[in-house]
Amino acid sequence: MLKTSSVTLKKPRKSGKFRRQLPLHLMLIPGLIFVIIFNYIPMAGLVIAFQKFIPAKGLFGDQKWIGFQNFRDVFNTPNFGQVMYNTVFIASMKIVLGMIVPIIIALLLNEVRHTKYKKAVQTSIFIPFFISWVVLGGIMMDILSPSSGAVNKLLGIFGVDPIYFLGNTKSFPFVMAISDVWKGFGYSTIVYIASIAGIDPCLYEAAAIDGAGRWSRMWHITLSGMKTIIVLLAVLGLGGILNAGFDQIFMLYSPQVYQTGDIVDTLVYRLGMMNYQYGLSTAVGLFKSVISSFLVGISYFLAYKLADHRLF
Amino acid sequence: MINNKSLKNNIIDIFIYAILFIVMISCILPFIHIFAISLSSSAPASAGLVGLLPKGFSTKSWEEVLGYKDFWRAFSISVIRVVAGTSLSLFLVILTAYPLSKESREFKGRTVYVWFFFFTTLVGGGLIPTYFLLSKMNLINSIWVLILPGAMNVFNMVLMLNFFRQIPKELEEAAFLDGAGYWRSLWSIIVPTSRPAIATITLFTAVGHWNSWFDGLIYMDTPAKYPLQTYAQTILVTIDTSKGITADDLANLLLFNDRTLRAAIIIVAAIPVLIVYPFFQKHLSKGIVIGSVKG
């Protein structure tokens, strides 16, 4: 096979080779135009973070440069540290729970022998993944309502006083983490199940002959067969430590819970779109983006080292 | 001894089935519950008496929602963005992924191109610069602002690229020997063999378009131009005061105070996805696995 390919490719002369590759370059043009306009130009627009930006003068207009003043102003805001903490706290809860829950569900599903039941579970748990946070947020506001929501009604049966889940600074971050895991675990479960499917069935037979029980087979064969993918997803999750989930929190938070629920992205939104503090907002966004891309870079590197994961 | 063991096994099985059952219904019941509320009368609904079946069956809220002109306008904006946005995005993703799926040996410059695209997933311009760029391009308030900025989705492109790479090289080489060029090979060999990946990415892109609401909220100045999710968002969340409360907002606020109406809006915004999902589900796990496990 190699031979035929080298024959077809190397037949023409040098200029012919480029001509042969020309279509490949041409195909990239539309995509390149799009990323240049919608990704690279806004990237250049990050200069706003170092300006006293006045919209009337326009993006890349003759703005006043003020160095790192916007950053100093942001870091000196009293609640900025709290916002950073909230972000990392909520995001890490989501990452950790979002790892553990799907692993457990995948292990349990692997024990199910009725294919139909297995399919039904897999299909159902995947549904919330496809539903927008607007809809899920609407549902949560309804069922978590302290006066007439289904959850508090259920708790009431057990004599628990109504809890205002979304309006309470203590419960808010946990509600965010749990509902986020609920939305997303169907997806990761499928990924784990696929890695279980790749385990050699002979291993189970051999273990059974050796007298290994159900739990030890689950532990030593299934779980250890999933090791690579678990490490991979854990490492890749690292890059998301500053992504606490804008859509969800913006949909569900309120000034009452800013103390524990306000995150970097919501702060960026409020500074920029509500207070018209364009420079400050961009500075916060840039600050987050720099840390994030550094972490994502590390995570890809680790994924490559630990799990031999090549991205492209 | 053996009996004892199989008894123990059965108990564990029952336990596992039960846990999975609870997990499964936790993903379905909330939708059924809200659906039941939307079909109940206002009084039992606001008193929280509705469980999984409607109380005091009434289609009033549905009739109302489906009777609003605003609703249908928002709905059609969403449909347009899904159809146009998904087609454009898929076109760009496939067209970009194909050359980049070639080895550097075959396509010189491949690595440089890949990094040029990939870099955009690491650093972005963020909210404000993007906003001012789009406003400079006169895209604010235009339907294109919902379609163009995200059309070249690099993550999906990488997924597609990885799928293309797994297609046996022999297929293409045979076509090349028959005199086909890259264009020909892409449309008549690569695309037809990539159906699971294309189905998966189509679904993700379409659902993503249907579900987005934030772009509508910030790039549209008037609620008349909101797509359905943004329309639903402003109704469900206490009105966003960043743009000042308009008379429209106030009317909405009063109108949608009713729990059954809110429930109907929620279900209506979710229904298209719930309908489409089963048809794609077959391809889905295959497509996902290819993209994420085997990179």
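**Chain B: an all-helix layout and two loop asparagines**

Of the 295 residues in chain B, 40% come out as buried (20 or more other C-beta atoms within 10 Å of a residue's own, with 12 or fewer making it exposed, anything in between partly exposed, and C-beta atoms placed from the backbone). The model is a predicted one, with local features needing pLDDT of at least 70, side-chain atom pairs counting only at pLDDT 80 or more, and totals for chains, interfaces and linings using all residues. Residues are numbered from 1 along each chain as its sequence is written, while chains are lettered from A and ligands numbered from 1 in the order in which they are written.

As for secondary structure, chain B has 14 helices and zero strands; these are DSSP runs numbered from the N terminus, helices being H or I over at least four residues and strands E over at least two. Reading from the N terminus, the elements go α-α-α-α-α-α-α-α-α-α-α-α-α-α. Take the contacts in chain B between residues at least 6 apart in sequence: 68% of them link residues at least 24 apart, a contact being two C-beta atoms, placed from the backbone, within 7 Å.

Now for the backbone of one loop. Asn138(B) sits between helix 6 (127-136) and helix 7 (154-165) of chain B, and its phi is near 60 degrees, a positive value in a residue other than glycine. Asn138(B) counts as exposed because it has 10 C-beta neighbours inside 10 Å. Asn141(B) also lies in the loop between helix 6 and helix 7, with a positive phi near 75 degrees. With 14 other C-beta atoms within 10 Å, Asn141(B) is partly exposed.
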